[in-house]
Every structure is written in structure tokens, then in C-alpha cells.
Amino acid sequence: MARDEVILAIDQGTSSTKALLVDRHGQVVARASEPLGQTQPHPGWVEQSPAEVWAGVLAATRRCLDGHDPRSVAAVGISNQRESMVLWDRATGEPVAPLLGWQDQRTAARCAALAAEGFGDLVREVTGLPLDPMFSATKGGWLLDHADPDRRRSGRGELCLGTVDSWLLSRFGGEHVIEIGNAARTQLMDVRTGRWDPRLLELFGIPAEVLPRIVPSTGPFPAVRGLPPLPDGVPVTAVLGDSHAALFAHAGWRPGRVKATYGTGSSIMALSPDAAVAGTALCLTVAWATGDAVAHAVEGNIRSSGSTLRWLADVVGRTPAELADLAASASSDGVHLVPAFGGLSAPWWDSDAQAVLAGMTLGTRLPQIARAALESIAFQVEDVVAAAGHHEVLLADGGAAANPALMQIQADVSGREVHQSLVADLSALGAAHLAGLGAALWSRAELEDLDRTVRVFSPRNDTAERRRMLGAWHQAVSRARSSDPSIPGGTP
Ligand SMILES: O=P(O)(O)OC[C@H](O)CO
């Protein structure tokens, strides 16, 4: 392998597509980003254009490689937004419907009906996931109901259904495939066997003929074709869901580590060596598979973290950065904001919970509320981290993780070290790290030493103080929660 060879990593996310060139030391030598739009044609619906998704990949790749020799790219790694669904015509490769985004809630009633019919336990047992419109299965059913109601074309294999990784790989031609971690988030795969489950395909109305073949995160995938200025034939040696890729970039396989990505919402994920789920509070998923070696993970998603500050900033006519500054030096003075906008997800799974601002007095001012908003991010993350088992180190990345005040609050409420990543774009980097292994740019041992610079935040309080803080937070959470006794989850 020549010393100047690089990996091209593509991170196809919800709001943008990023492309990175990563050298053999794990250093990013070029990056480009292309924004991606979405539409909400009805309340709760979230759509994107599959063609625009692909155009963003083309544009980001071209700009990233500007000034670099495309022949130096040894391999491509892809990370992608998960759960979103695309339906296309196998013969023409043209989409037959918009992409249904992972935030799309149009199948909420369908999920509720299936739960009422008693299918929740089967779905959770087989897939490790709660019945929820976020996952792909009901989205796939909805797309087929509209494009092929009698499933005649589907049964003849004329249509292809896939997640975003499948869609991007289909642009290269070749076999219809899906990476196993992405497949694990469709709610159609048996999370323990790594195969489509026939009972679930029937339940969700998805003929097997429309589905891709499930392959490990290391492939084999179709090689690059039609992604200029890359020459055709460059191998794709890694594909990962974005949250999984971030865990890989953190070297999350080391024991005692759990990662949190602080974005619009937050994703908390840790490897689960025994593939055990923590009750019903978290999801079980496949983190990645390298060849036959499958690594399972537990994951919890929080709907509102960075978006809580954005919401408050809009309400009070400030910017999120101004609020973060106010919050950094303030005390919440007993004020709690429980941002249950649209309910609470992990670990509570209470879709009827309502957002609550609690503990105010006549002396409460904006700094206290801003502080409560910031603390709500850390408290929610800690609730999921606690449900994920015993971990000494919390690995932090994502936009809001750049805020040192939040990282210190996180260490204080968690009672564990927080390692704030000082390296950006971890999802793309994770895909690059795995792709570089496949391309022999580095060995397994060298992978351990790639750049993962962190700033460490240690807890500054004692156990009693931490318990008091968490107790007060959980009181506020109980005010936000609905009284529906059938809610799964319970105390983390
Ligand atoms: O593209 P992001 O960063 O919003 O991530 C989307 C997640 O994969 C959804 O599960």
C-alpha cells in the first residue's frame, strides 16, 4: 500500500452529506459538506428526495477531492442516517416515492393498532426494538401500500425497498444489499440471527422479494461506479449506521465505555457483549459485523437535546449560543425543564408525556431557565447511560458536546469521567476507520492508535450531591409523565 493513499468517507446524514479524506495516520486532509433539505407535507410527515440525497453525495465527493488525486483513494467508507426508507424500481433504478425520513410519524396509528393487537412483545423479542414509527418496517409497508397495494410488482421482484445505505450502494449497480447494522434498525431483522424474520415480513406486509441481502459491515459491497472524479472500481470496504460509526470512531469496543452523540436529539450506545437488553428501557441492535464476528449494542435515543436550546432561544428571541453562555455561569436554583416535546423516548417510552417547566419562583429569570434547559440534556443522557449498565467512561461527541459547561454538568450528574472528543465528524471517521482496515491502510493494532484526542471532565461533586440532583430531576420527570400504567420502560 503506497504511503500517500487515503480513505474517502461519506457520511450521508439527515441535514447534510459530508465527505472526508482520511490519511493513513487517521488525519482528515480534506472535507466538504452539502446541505440536504426535507419537507413536511403534513404534520408529522418528514420526506426527502432520494435524488437529492444522491446529488449531495456526488457534490460533496467532488468538492472534497478538489485538489487531490482521485487515484490516491484506496477505498470508500459510508455512514448514513438510519431507519429512513426508499422505494425504487429495480429495472430503472428510479425512486417511485419520496424517502420517508426516520422522524416521520405517519405510521404512528399503525404501530398503535399493532400494539393493541398484542404484537409488541413479538416485535421486541425478535428485533430488540419497541414498536415505534421511527423504525423502517411500517414506513416500508406504507410505501408499498401506495406504490403497489396488491404487492403484485413486489412479488415479481420489480421493486427494491431499502435504507439509505442500500439506496446509495444501488447507484453503483450490482446486487441489492443492506449493511447488517442498518438492517437491525428496520424492525424486520432477527437481531440475534441477522436474518429477515418471515413472521415480521408478513406482519408489516413486506414481501421478501423487495428486500436487500443482509451483509456484514465490511461487505462485500458493490464497488464505486459513477462517482466522479473517483475512478470506477474503487472498493467500498465499510458501511455503518451513523450512530454505530461514531461508536467505532471512539474505539467503543474497549470495555467500560458508552458513547453519547449530542445532536438535535441524542443517541447513547454501548457494546453489549452478551446481547442482553436492559429490560424494556433500551433497544438491542447490531453495532457492526466484521466478517462473521457480530458485535451487539444497546442504544437509547433522546428526542430533544440540542433542539431544547434551539426551542428556548426561539421563544425568548436569543440565539442558542447566547443561552449557552447564560447557562454556563448560572445556577438552576431548583428549576427543571423536562423537554418532553412529543413525549419521552428512552428510557421512559412515554409518548403521552408532556413538556414541563417546574420549580419556578417569582425570582426565576432567564439564566435559571437556560441552565435548566442545558441540564436537561445531561440528565436525560444520564438516565439512558444508567440503563445501559455499568460504564466508567462516557465518550461524548456531536455539536452540543463542544460546550464545556454541558460536559462538566454531564460529569457531575453521571459521576463518571466524560471524554469530550476534540475530533469532529465522528460518524464519517468511524466509517473511514473501518474502511481503512479493509483496505489494509492500517492494521487492527494500528487502529487502536488512530487520533482520538479527548478533553477529560471529572465529576466535581460527591455521591450524596449527585443523588440529590438526580432525585430532583426524577421528580420533575414524574410531573411530565402520563399516568398510563401500560407504558413500558419504567425506572431506569
Ligand atoms: O443524520 P442524523 O445525525 O440526524 O442521524 C440520524 C439517525 O441515524 C437516526 O437514527
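1. UniProt positions are given in the numbering used here, feature names are shortened, and annotations may be inferred rather than shown by experiment. The UniProt record, an unreviewed entry, carries the annotation "domain: Carbohydrate kinase FGGY N-terminal" for residues 6–248.

2. The model is predicted: local features need pLDDT of at least 70 and side-chain atom pairs count only at pLDDT 80 or more, while totals for chains, interfaces and linings use all residues. Residues are numbered from 1 along each chain as its sequence is written, and side-chain values use heavy atoms, with hydrogens and water left out.

3. Over residues 6–248 the chain is 30% helix and 24% strand. Helices (H or I, at least four residues) and strands (E, at least two) are DSSP runs, numbered from the N terminus. The C-alpha atoms at the two ends of this stretch are 19 Å apart.

4. An open sheet of 5 strands has the order β3-β2-β1-β5-β13, with mixed pairing; two strands pair if DSSP finds at least two bridges between them. Its edge strands are β3 (28–35) and β13 (236–241), each of which pairs on one side only. From one strand to the next, the twist averages 15 degrees. Axes here are lines fitted to C-alpha atoms, for helices over the stretch in contact, and angles run from 0 to 180 degrees between N-to-C directions.

5. Within the 5-strand sheet, β2 (residues 16–22) pairs with β3 in the antiparallel sense over 7 bridges. Ala19 stands opposite Ala32 in β3.

6. A further open sheet, also with mixed pairing, consists of 7 strands in the order β16-β17-β15-β14-β20-β21-β22. Because β16 (283–290) and β22 (454–457) stand at the edges with a single partner strand each, one side of each is left without a neighbour in the sheet. Neighbouring strands of this sheet are turned by 25 degrees against each other on average, direction ignored.

7. In the 7-strand sheet, β14 (residues 257–262) and β15 (residues 266–271) run antiparallel and are joined by 4 bridges. Thr261 stands opposite Ser267 in β15.

8. The ligand is surrounded by Gly13, Thr14, Gln81, Arg82, Glu83, Trp102 and Asp242, where a residue is near a molecule if one of its heavy atoms lies within 4 Å of it. By class, this shell has 1 nonpolar, 3 polar and 3 charged residues. Ala, Val, Leu, Ile, Met, Phe, Trp, Tyr, Cys and Pro count as nonpolar, Asp, Glu, Lys and Arg as charged, and the others, Gly among them, as polar.

9. Side-chain N or O atoms approach ligand oxygen atoms at Asp242, at 2.6 Å, and at Thr14, at 2.7 Å. A polar side-chain atom of Arg82 lies 3.1 Å from a ligand oxygen atom. The ligand taken alone exposes 310 Å², of which the protein buries 73%; accessible areas come from the Shrake-Rupley method with a 1.4 Å probe.

10. Two cis peptide bonds may be checked against the model. One runs from Pro228 to Pro229, with omega near 10 degrees; Pro229 is in the loop between β12 (213–215) and β13. Another runs from Ala346 to Pro347, with omega near -5 degrees, and Pro347 is in the loop between β18 (336–338) and β19 (356–358).

11. Ala251, although not a glycine, has a positive phi of about 60 degrees. Ala251 is placed in the loop between α9 (242–249) and β14.

Terms used
A polar contact is a pair of N or O atoms within 3.5 Å; within protein, one must be able to donate a hydrogen and the other to accept it, and residues adjacent in sequence count only if both atoms are side-chain atoms.
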